[in-house]
Amino acid sequence: MSGKIVKVSGPLVVATGLADANMADVVRVGEQRLIGEILTMTGDSASIQVYEETSGLGPGASVDTTGYPLSVELGPGMIETIFDGIQRPLEKIMEISGNTITRGIEVSPLDREKKWAFNPIIAPGTAVEGGDILGTVQETPVVLHKIMVPPLVKGVIESVTPAGDYTVDETVAVLKTDKGETVNLTMVQRWPVRNGRPYKYKYTPTTPLQSGQRVIDTMFPVAKGGTAAVPGPFGSGKTVVQHQLAKWSNVDIVVYIGCGERGNEMTDVLREFPELVDPRTGESLMKRTVLIANTSDMPVAAREASIYTGITIAEYFRDMGYDVAVIADSTSRWAEALREMSGRLEEMPGEEGYPAYLSSRLAQFYERAGVVECVGSGDDRKGSLTAVGAVSPPGGDLSEPVSQATMRIVKVFWSLDASLAYRRHFPSINWLRSHSLYLDTLKPWFDENLGSDFMEQREKAMQILQEEASLNEIVQLVGKDSLSPGDQLTLETAKIIREDFLQQNAFSDIDSFTSHDRQLRLMKLIMGYDTLCRDAISKDANAAELFEIPARDRLGRAKGVEQDKYAEIYDEIYAEMQAQIEEIAAKGGLDE
């Protein structure tokens, strides 16, 4: 059906004559057939957000509804592809229209000409339901794409095509439903982005997501299937933290959403990821990555859709039984797009002009994360979806609405600190303002895989860092020399934890990633130094001498030790420390 435009206000278009259209329907606007989505309906009048530039549109232009909601195409060909916020492949668009996106351009999200090697694994006569696997396609060397029955389809397989090369549109199986209808199943399925894909059961996350970043994995871990936020002011290193998570996380698929970020940052991602080698597979990192690039100069309405596009793609791979990480950079830019559209719709504004439904929309995004039992009648498949969102509060003010709403929803909060970033302490995660609510559920995993002393060492280190914060206030008043030797040691140990454990160099081949075992050994080495020194101080050893032992320098360089030698070298350093501290302790006892 067709309507007529009566008002244009930036990306918001009001059209009449659409009485039979539905909320959330996708429409085509004007002669250029710009893509839009119906936001509100009043009688036969519809308010439409247009995902492309609307200059040149005027009253009287036609609006045609497609009859279906904003959806994504899911199938082979998504990995390694760079999409915009509404799943248009940017590289394909560049081939057609050059360096600028031509308005109204229609390009299929998935390549309709490329043939994929399909291997059926199901036999005719098998009763199937949504989520059951029909066959597989080796999409990249590291991703086996499982072709599934669409979630809401059920019946008996009548025929399956033999193994061979097919396009995504060709029928690979024919299914007969309980009502006797015949359904041709292809390698591609569509799903509305604003609806979460179904699952059987959601579990409590119990396995940590290993990021290789010591301040994250040891101090504030996030679980696979968990939610985390990275808030921080401009220049504090949010994007680098998210890049590190995308590079090193022990997940099968990464969906990276550049939502309203600067173009040069997305360019860095596009240049870096193909060159980075995945440490688990030896292949390029792009072989398991889907990129969604919706930069700040692209239409604001598409920015609002981009995080839904990304998380729906992630849910599709989760349904195959994979561990998926969704990294959204940044949800603040998404909220700004929400605020702009809300203002144009003349809705009642909430705090700082954001719409009243800001919190519920954020919750709808993060609640789609989790560890789930996937739908399907076959063997029980478990998949996980971890959601990590950056928050860019204006001026670093964490009391603003987006930060506060996000803090109420997510379970891990890595608070970035501009003062740490200015001191070149990266990742600049403030250990006093950050928290993780997964420590209790992850403790059994740490105890089983790393021993009970992992959590004990972590708690001791956090206690020393907190004591340092209170001692610093005293030091500013009376000076460091007036502290007791024990308190001076607390400050020294805290300095070692900060500089030699929490600080990490993302551009060093050795220091960029640290395994759980190495993190534990390094922490035990530092806490071992603290224990040995406290024992020596109790025997009247000179604190200043303890802080200047030769092994202290080796301890400071321990994080740069080669990967295959760290265990033996850490043992060497500990033995050296022990001998040197015992010598000073013996001398202290003699002086007495």
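Leaving aside neighbours within four places in sequence, which residues is Val27 in contact with? Select Val27 and display every residue with heavy atoms within 4.5 Å, the cut-off for a contact. The partners are Leu34, Ile35, Gly36, Glu37, Ile38, Ile48, Val63, Asp64, Thr65 and Thr66.

Before continuing, note that this is a predicted model, in which local features need pLDDT of at least 70 and side-chain atom pairs count only at pLDDT 80 or more, whereas totals for chains, interfaces and linings use all residues. Residues are numbered from 1 along each chain as its sequence is written, and side-chain values use heavy atoms, with hydrogens and water left out.

**Stop 1: Val27 and the whole chain**

Val27 belongs to strand β3; strands (E, at least two residues) and helices (H or I, at least four) are DSSP runs numbered from the N terminus. The residue is buried, at 0% relative accessibility. Here buried means under 20% relative accessible area, exposed over 50%, and partly exposed in between, with a 1.4 Å probe and protein chains only. A distance label between the C-alpha atoms of Val27 and Val50 should read 8.7 Å, for a pair 23 residues apart along the chain.

Now zoom out to the full chain. The secondary structure comprises 16 helices and 26 strands, and the C-alpha atoms fill a box of roughly 95 × 55 × 40 Å along the principal axes. Of the 592 residues, 56% count as buried. Among contacts between residues at least 6 apart in sequence, 70% join residues at least 24 apart.

**Stop 2: salt bridges**

Next, select Asp64, one of the contacts of Val27, together with Arg33. Their side chains form a salt bridge at 3.8 Å, N to O; the criterion is a side-chain nitrogen of Lys or Arg within 4 Å of a carboxyl oxygen of Asp or Glu. Asp64 is in strand β6 (residues 62-69) and Arg33 in the loop between β3 (25-29) and β4 (34-42), so the bridge ties together parts 31 residues apart in sequence. Asp64 is partly exposed at 27%, and Arg33 is partly exposed at 34%. Add Arg28 and Glu106 to the selection to show a network of salt bridges that links them with Arg33 and Asp64.

Move on to Asp169 and Arg112, whose closest N and O atoms are 2.7 Å apart in a salt bridge. This pair links distant parts of the chain, 57 residues apart: Asp169 is in the loop between β14 (164-166) and β15 (173-176), and Arg112 in the loop between α1 (90-97) and β9 (116-120). Asp169 is partly exposed at 41%, as is Arg112 at 27%.

Then select Arg318 and Asp319, which meet in a salt bridge at 2.9 Å, N to O. Arg318 is buried at 2%, and Asp319 is buried at 3%. The count for the structure comes to 34 salt bridges.

**Stop 3: helix α7**

Select residues 358-366, helix α7, where the buried residues are Leu358, Leu362, Phe365 and Tyr366. They cover an arc of only 90 degrees around the axis, taken from the directions to the C-beta atoms, and so lie on the same side of α7. An α-helix has 3.6 residues a turn, so residues three or four places apart point the same way. The buried residues of α7 pack against β19 (227-231), α5 (300-319), β22 (323-329), α6 (331-344), β24 (382-391) and α8 (401-409).

**Stop 4: backbone geometry**

Which bond joins Asp329 and Ser330? The link is a cis peptide bond with omega of about 10 degrees, and Ser330 lies in the loop between β22 and α6. A second cis bond runs from Phe426 to Pro427, with omega near -5 degrees. Pro427 is in the loop between α9 (418-422) and β26 (435-436).

Most residues other than glycine have a negative phi, and most peptide bonds are trans. Glu80, although not a glycine, has a positive phi of about 75 degrees; this residue is partly exposed at 31%. Gln87 also has a positive phi, near 65 degrees, and is buried at 2%.
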